[in-house]
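Please find below a short note on the structure shown here, set out as numbered points. Each point takes up one topic.

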Amino acid sequence: MKFYTYILNCSDNTLYTGWTTNLTNRLKAHNTGKGAKYTRSRLPVTLVYYETFPAKRQALQREAAIKKLSRPQKERLITTNPITSMNTIKA
C-alpha cells in the first residue's frame, strides 16, 4: 500500500495539506464536500502537489512538516516539483 501527502489549491487561493492512501478518491471526496471541513467552503479544489511514501508514519510526518512551512515555501515546493502523472485526476 502507498501513502500520499498532498497539497490542494482551494477556490479562495488558499492551500490545504493532507494525507491519504488514494489520491483519486480523496480528491473526489474533497470536491463533493465530504473531505476536510476546511475545504468544504472553498470548493472546487485542485491537486497541485503530492509525495508518495511506503509507510503511513512517513506520510503523516511529511504532512506535519509541510503544514509548518510558510506560504512562499509551499509555493516553492509546488513549483519546483510539478505534477505530471497525476494530471488526469479529476473530481
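**Notes on the fold**

1. Strand 1 (residues 3-9) and strand 2 run antiparallel and are joined by 6 bridges. Two strands are taken to pair if DSSP finds at least two bridges between them. Within this pairing, Ile7 has Thr17 of strand 2 as its bridge partner, and Asn9 stands opposite Leu15 of strand 2.

2. The model is a predicted one, in which local features need pLDDT of at least 70 and side-chain atom pairs count only at pLDDT 80 or more, while totals for chains, interfaces and linings use all residues. Residues are numbered from 1 along each chain as its sequence is written, and side-chain values use heavy atoms, with hydrogens and water left out.

3. The protein chain holds 4 helices and 3 strands, in the order β-β-α-α-β-α-α from the N terminus on. Helices (H or I, at least four residues) and strands (E, at least two) are DSSP runs, numbered from the N terminus.

4. Strand 1 also pairs with strand 3 (residues 46-53), in the antiparallel sense and over 7 bridges. Here Tyr6 stands opposite Tyr50 of strand 3.

5. The two strands named at the outset are mostly covered. In strand 1, 6 of the 7 residues are buried; in strand 2 (residues 15-20), 5 of the 6 are buried. Buried means under 20% relative accessible area, exposed over 50%, and partly exposed in between (1.4 Å probe, protein chains only). Over the protein chain, buried residues make up 38% of the 91 residues.

6. Strand 1 and strand 2 form a hairpin with 5 residues between them. Asn13, in the loop between these strands, has a positive phi of about 70 degrees although it is not a glycine. Asn13 is partly exposed, with a relative accessible area of 45%.

7. A second point of backbone geometry concerns Pro44, in the loop between helix 2 (37-40) and strand 3. The peptide bond from Leu43 to Pro44 is cis, with omega near -5 degrees.

8. Which residues does Ile66 touch, not counting those up to four places away in sequence? They are Thr5, Ile7, Thr17, Tyr49, Glu51, Lys74 and Leu77, where contact means heavy atoms within 4.5 Å. Ile66 has its place in helix 3 (residues 56-67) and is buried, with a relative accessible area of 0%. Its C-alpha atom is separated by 11 Å from that of Trp19, and the two residues are 47 apart along the chain.

9. With 91 residues, a compact globule would have a radius of gyration near 12 Å, and the protein chain agrees with this, having 12 Å. The radius is taken over C-alpha atoms, and the globule rule is 2.2 Å times the number of residues to the power 0.38. Along the principal axes, the C-alpha atoms fill a box of roughly 30 × 30 × 25 Å. Among contacts between residues at least 6 apart in sequence, 58% join residues at least 24 apart.

10. The protein chain exposes about 5500 Å², of which carbon and sulfur atoms supply 51%; accessible areas come from the Shrake-Rupley method with a 1.4 Å probe, and for residues only the protein chains shown count as cover.
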